[in-house]
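Work through the following exercises with the sequence and the model at hand. Each task is followed by a solution in steps.

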Amino acid sequence: MFAASDTVLFFDDDAIARAVRLSRVFEQPTKYGEVLGPDRPWEHECVCANGCVLPAEEGNGYRMWYHTAALRLRSPWKSVLCYAESRDGVHWTKPDLGLYKCEGGRGTNIVLMAPGMDWYGTSTVIHDEHEPDSARRYKCLTCAHFNGTGLYVAFSPDGIHWDVREEPVTIDVSDRTTLLHAPGLERPFVAFSRKSEENNATFRRRIIWRLDSPDLFHWSKPEPMLEPELEDSWDLQFYGMHAFKYRDQYLGVVQRLWTTPDVIDTELVSSHDTVTWNRSRTIFLPRGPEGAWDSRWVCPFPSAPVDIGDTLHFFFEGRNGAHQKVWPGLYPHRRGAIGCAVMPKDRLVALEAGPVEGYIETKPFEWPGGALRLNVNARIAAGEGDHHIGAGSAWVEVIDDSGTPVPGYLSETLRGASEGSWEPRWQDNASMDALAGRTIVLRVYLCQARLYGLHCTARK
């Protein structure tokens with residue numbers, strides 16, 4: 001614990017020695033609504049969450065790269081990469097960049113439209129701040145029909161002016177390929193994809209494959225990584241997945257295709273190595289209600305959520321049509337737009353206790369020093385609004401690695417409050433900093449409360 005990060009979260013049991021009368025629960029972000037829709041001739045009826053959303057380098061806003069999709073069967077503009085800007089992440093503008101003109105000479109916000117290049121899947125844009133070549137600070141990996149069908153790379157100094165390499169870097173994948181940049185790995189570029197031939201012949205459904213590269217040009221052979229299991233419904237397929245670094249681990253969002261009745265929702269997964277993943281098996285970002293703009297399809301951008309203040313902003317594509325529903329003159333979806341969903345930072349997963357007290361006991365670890373803070377909701381987490389259930393509570397005890405309580409380290413009780421950074425007070429004004437270098441165990445007691453994480457102020 002606290003070896004690689006100042007915060008410990010509970011996506012898996014890695015830090016847990018024992019849990020009594022607790023359950024792991026996954027939170028859902030709250031949808032803000034549609035923030036960017038198709039309103040330009042070159043966008044047709046659909047803008048897609050292919051590209052990324054990033055904070056502006058100057059620190060004064062946000063940048064979005066997104067795809068268009070020509071749903072009209074005979075449209076000459078099948079798919080292009082476009083650009084938008086925002087000050088607050090909610091209100092977006094589409095600047096005339098002067099790079100490409102549409103019919104009638106109108107300026108566009110298109111940044112990439114290589115002649116003869118047809119995007120048929122997902123693109124991922126990343127900003128590599130450690131890249132020594134300034135002309136390659138922005139990188140794009142995309143599925144396309146160009147000089148053959150496969151993955152292509154493009155580079156840019158500013159995210160606006162792109163140089164597309166005209167030969168595929170690999171042809172051993174299908175659409176829905178996303179890119180994770182993980183500098184901590186030996187091969188820091190990791191792609192998650194599909195392989196149509198194997199899906200049909202061996203697995204008989206869509207699954208997630210993994211491949212990696214040291215430089216974006218030389219890729220490993222794809223290996224099957226994640227597929228539905230016996231605990232899943234027979235009609236579940238994994239349509240796509242993207243991943244991002246979060247604290248000391250990797251989180252992924254899997255797009256789950258339900259063939260009956262042909263809709264897509266999402267599931268959160270976690271990993272420490274990008275190879276083995278722990279599934280939540282619950283809906284993370286749900287579809288909208290019947291008739292809503294995102295009623296049939298939700299698909300997040302293949303990038304990390306944007307950290308704005310104390311909240312995480314997940315930008316996603318919603319559609320109100322699905323694969324097998326062919327509308328007159330349109331295929332395969334009726335309309336697609338970009339939305340935003342928000343949730344408190346670090347509150348993606350929790351350990352929850354009901355009306356009967358439970359506790360978590362960590363594995364023994366060396367305390368780095370500094371103060372201990374907890375991200376906890378004791379505001380009647382399970383049953384809020386039920387006036388017959390009292391407010392929740394949480395408190396902490398420090399014990400040594402033999403199971404003996406450390407004198408003076410039983411905390412006060414937090415009652416009926418939700419605190420993202422609660423620093424407990426100890427008996428006799430004891431200080432956690434005095435335990436620096438000592439092997440300890442934390443035992444956190446919960447009653448009608450949720451524990452999201454533990455934080456050490458001395459670890460950065």
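**Exercise 1. Which residues of the largest nonpolar core touch the most other members, and which elements give two or more residues to this core?**

Solution. The model is predicted. The largest nonpolar core has 34 residues, and the most other members are touched by W367, V398, M432, L446, L451 and L454. Two or more residues come from each of β26 (349-353), β29 (372-377), β30, β31 (405-410), β34 and β35 (449-456). Next, take L451: leaving out residues up to four places away in sequence, L451 touches F10, V349, A350, L351, I360, L374, N375, V376, V444 and L446. Another core, of 22 residues, lies apart from the largest one and includes A49, V53, Y66 and A84. As background, nonpolar side chains tend to be buried together in soluble globular proteins.

**Exercise 2. Classify the ring pair of Y359 and Y445 as stacked, tilted or edge-to-face.**

Solution. The structure holds 14 aromatic pairs. For Y359 and Y445, the ring centres are 5.6 Å apart and the planes stand at 50°. Stacked requires planes under 30 degrees apart and edge-to-face over 60, so the pair is tilted. Y359 belongs to strand β27 (residues 358-362) and Y445 to strand β34 (residues 439-447); with their positions 86 residues apart, the pair links distant parts of the chain. Both Y359 and Y445 are buried.

**Exercise 3. Classify the pair of W395 and Y445 in the same way, and state where W395 lies.**

Solution. The centres are 5.2 Å apart, with 10° between the planes, and the pair is stacked. W395 is in strand β30 (residues 393-400) and Y445 in strand β34, so the pair ties together parts 50 residues apart in sequence. W395 is buried, as is Y445.

**Exercise 4. Which charged residues sit over the rings of Y359 and F155?**

Solution. For Y359, the charged end of R443 sits over the ring, 5.4 Å from its centre. For F155, R136 lies over the face, at 4.4 Å from the ring centre. A separate case concerns rings alone: F2, F365 and W367 are linked into a cluster by ring pairs.

**Exercise 5. Is L312 buried or exposed, and which residues does L312 contact beyond four places in sequence?**

Solution. L312 lies in strand β24 (residues 311-319). Its relative accessible area is 2%; buried means under 20%, so L312 is buried. Beyond its neighbours within four places in sequence, L312 is in contact with Y246, P305, V306, D307, A341, V342, M343, K345, D346 and L348. One of these contacts, Y246, is 66 residues from L312 along the chain, and the C-alpha atoms of the two are separated by 11 Å.

How values were computed: Residues are numbered from 1 along each chain as its sequence is written. This is a predicted model: local features need pLDDT of at least 70, side-chain atom pairs count only at pLDDT 80 or more; totals for chains, interfaces and linings use all residues. Side-chain values use heavy atoms; hydrogens and water are left out. Helices (H or I, at least four residues) and strands (E, at least two) are DSSP runs, numbered from the N terminus. Buried means under 20% relative accessible area, exposed over 50%, partly exposed in between (1.4 Å probe, protein chains only). Contact means heavy atoms within 4.5 Å. Rings of Phe, Tyr and Trp (its six-membered ring) pair if their centres lie within 6.5 Å; planes under 30 degrees apart count as stacked, over 60 as edge-to-face and the rest as tilted. A charge sits over a ring if NZ of Lys or CZ of Arg is within 6 Å of the ring centre and within 35 degrees of the ring normal. A nonpolar core is a set of buried Ala, Val, Leu, Ile, Met, Phe, Trp, Tyr and Cys residues joined through side-chain atoms within 4.5 Å.
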